[in-house]
Amino acid sequence: MKICVHGAGAWGTALAVNAAGRHEVTLWARDAAQAEAISKARENVRYLPGLALPPALTVRAGDLHQAQAGAELVVVATPMAALRQQLIALRGTTAPVAWLCKGVEPALDASPASYGLLAHEIWGQVAPELMAGVLSGPSFAQEVAEGRPTALVAASPHAAVRDALVDAFHGPALRVYANDDIVGVEVGGAVKNVLAIATGLCDGLALGLNARAALITRGLAEMTRFGLALGARAETFMGLSGLGDLVLTATGDLSRNRKVGLLLAQGQTLAQAVASLGHVAEGVYCARTVVQRARGLGVEMPIAEGVVALLDGRLSPQEAVASLTGRDPVPESVRPWMRPGRVP
Ligand SMILES: NC(=O)C1=CN([C@@H]2O[C@H](COP(=O)(O)OP(=O)(O)OC[C@H]3O[C@@H](n4cnc5c(N)ncnc54)[C@H](O)[C@@H]3O)[C@@H](O)[C@H]2O)C=CC1
Ligand SMILES: O=C(CO)COP(=O)(O)O
């Protein structure tokens with residue numbers, strides 16, 4: 001199978017490396033100098049150091065459509081902030097297209113009517129004619145590149161897209177499950193990043209394992225409520241892109257989002273924490289939008305609200321914790337926490 005991966009960051013490079021042994025893979029970088037450096041060193045020193053690229057993997061820059069000529073699958077591996085422009089650039093592509101980004105597009109402005117979109121909503125807005133979907137699930141790039149066992153989920157309303165993703169990436173160490181609930185899969189991938197900032201903060205403040213388990217469980221309830229209000233299926237949140245990715249990102253020290261929480265707990269400013277990562281931490285950019293959309297839907301997301309107050313500098317780490325521990329008692333069930341008249 002011929003595959004073209006757009007975006008030579010950590011995740012695009014890792015998946016390209018993984019598939020290169022079985023398929024004809026091209027990794028496209030937007031920056032010609034970056035493509036040349038990767039090609040020469042046969043290593044992505046900037047984003048995935050220490051891993052030799054297989055000889056079969058082609059790295060190139062320049063015209064996107066030339067790079068993907070003849071591809072039977074196109075993978076967009078850029079951060080969420082670049083997805084809109086990538087999908088516009090991909091108009092006219094007849095091969096299945098899948099994005100890997102996990103987030104929500106930042107709102108266009110601060111007005112209540114303007115909210116950020118999930119990836120499939122951007123697709124619907126700018127290039128609905130594409131056969132498209134998302135590949136998500138608990139997967140640190142480093143481990144996938146090293147060939148360690150990993151399970152992903154391919155979600156799309158189009159069976160052809162789900163099948164192409166399974167054909168491309170399902171292999172000896174990488175399992176790819178199919179799901180037609182693209183809303184649920186995308187909500188899981190975006191909200192877990194916000195919750196990982198919260199658990200990073202919790203662990204950085206040494207609040208204990210009980211507190212972390214509470215945050216993960218109640219975080220899953222918030223994620224599910226938000227997803228249900230957007231039309232997702234509840235069972236998706238018990239799957240790879242819900243519980244699976246939440247557990248991985250909230251507890252795994254390879255997570256950039258978790259690292260942001262840990263660094264904020266140490267007293268770093270958000271700007272310092274983000275600068276020290278060298279990679280994108282999508283939770284920083286989508287937390288505000290998630291909360292804004294949840295408010296519009298009448299969905300309560302107290303943990304995400306706490307993260308936004310922390311990121312905005314309205315609450316200190318200790319005050320953000322107090323804003324959660326000091327809440328009035330509520331029932332454990334997911335649905336009653338939705339405001340009246342909004343229960344799906
Ligand atoms: N790294 C990981 O373990 C995983 C990351 N993801 C998601 O994949 C997405 C990408 O993450 P990473 O590769 O880790 O990010 P990264 O920070 O390692 O690299 C981002 C890459 O995107 C490129 N880029 C940025 N804007 C671009 C544009 N307009 N056009 C083309 N390329 C552009 C950058 O040059 C860079 O190569 C994020 O949404 C992330 O949440 C999902 C699963 C695993
Ligand atoms: O999405 C990921 C793992 O599934 C990567 O998480 P981070 O972006 O927090 O590193």
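The crossing of helices α8 and α11 is right-handed. This is a predicted model, in which the protein is divided into domain 1 (2-180) and domain 2 (190-326). Two ligands are covered below: ligand 1 lies between the two domains, because both of them give residues to its shell, and ligand 2 likewise lies between them, because both give residues to its shell as well.

**Packing of α8 and α11**

- The axes of α8 and α11 come within 6 Å and cross at roughly 35°.
- On the α8 side, the contact is made by Asn193, Ala196, Ile197, Ala198, Thr199, Gly200, Leu201, Asp203 and Gly204.
- On the α11 side, the residues involved are Asn257, Arg258, Lys259, Val260, Gly261, Leu262, Leu264 and Ala265.
- Sorted by class, the contact of α8 with α11 comprises eight nonpolar, six polar and three charged residues.

**Packing of α8 and α9**

- Helix α9 (residues 209-229) packs against α8 at an angle of about 155°, and the two axes are 9 Å apart.
- Angles over 145 degrees count as roughly antiparallel, and α8 is therefore roughly antiparallel to α9.
- The crossing in which α8 passes α9 is right-handed.
- From α8, the residues that meet α9 are Val183, Gly184, Val187, Gly188, Val191, Leu195, Ala198, Thr199, Cys202 and Asp203.
- Their partners in α9 are Ala211, Arg212, Leu215, Ile216, Gly219, Met223, Phe226 and Gly227.
- The contact of α8 with α9 consists of 11 nonpolar, five polar and two charged residues.
- Ala198, Thr199 and Asp203 of α8 are listed in the contact with α11 and also in the contact with α9.

**Packing of α11 and α12**

- Helix α11 (residues 256-265) and helix α12 (residues 270-277) have axes that come within 9 Å and cross at roughly 140°.
- This angle makes α11 oblique to α12.
- α11 passes α12 in a right-handed crossing.
- Arg256, Lys259, Val260, Leu263 and Leu264 of α11 make the contact with Leu270, Ala273, Val274, Ser276 and Leu277 of α12.
- Seven of the residues in the contact of α11 with α12 are nonpolar, one is polar and two are charged.
- Lys259, Val260 and Leu264 of α11 take part in the contact with α12 and are also listed in the contact with α8.

**The two domains and their contact**

- The centres of domain 1 and domain 2, taken over C-alpha atoms, are separated by 24 Å.
- Across the boundary, 25 residues of domain 1 are in contact with 21 residues of domain 2.
- Strands β7 (150-155) and β8 (174-179) each supply at least two residues of the side of domain 1 that touches domain 2.
- Of these strands, β7 gives three residues, the largest share of that side of domain 1.
- The side of domain 1 that touches domain 2 has 17 nonpolar, seven polar and one charged residue.

**Surroundings of ligand 1**

- There are 24 residues around ligand 1, of which Gly9, Trp11, Ala82, Cys101 and His279 come nearest.
- Helix α1 (residues 10-20) gives the most to this shell, with three residues.
- The shell around ligand 1 divides by class into 13 nonpolar, eight polar and three charged residues.

**Surroundings of ligand 2**

- Around ligand 2 there are 13 residues, and those that come nearest are Ser139, Thr249, Ser255, Arg256 and Asn257.
- Two or more residues of this shell are given by each of α8 (182-204), α10 (240-251) and α11.
- The most is given by α10, with three residues.
- The shell around ligand 2 contains five nonpolar, five polar and three charged residues.
- Arg256 comes among the nearest residues to ligand 2 and also belongs to the contact of α11 with α12.
- Asn257, another of the nearest residues to ligand 2, is part of the contact of α11 with α8.

Terms used:
Residues numbered from 1 in each chain as written. Chains lettered and ligands numbered in written order. Predicted model: local features only at pLDDT ≥ 70, side-chain atom pairs only at ≥ 80, totals over all residues. Axes fitted to C-alpha atoms, helices over the stretch in contact; angles between N-to-C directions. Helix = DSSP H or I, 4+ residues; strand = E, 2+ residues; numbered from the N terminus. Parallel < 35°, antiparallel > 145°, perpendicular 65-115°, else oblique. Left-handed = near helix turned anticlockwise from the far one by under 90°. Contact = placed C-beta atoms within 7 Å. Nonpolar A, V, L, I, M, F, W, Y, C, P; charged D, E, K, R; others polar. Near = placed C-beta within 6 Å. Domains from an automatic or database assignment.
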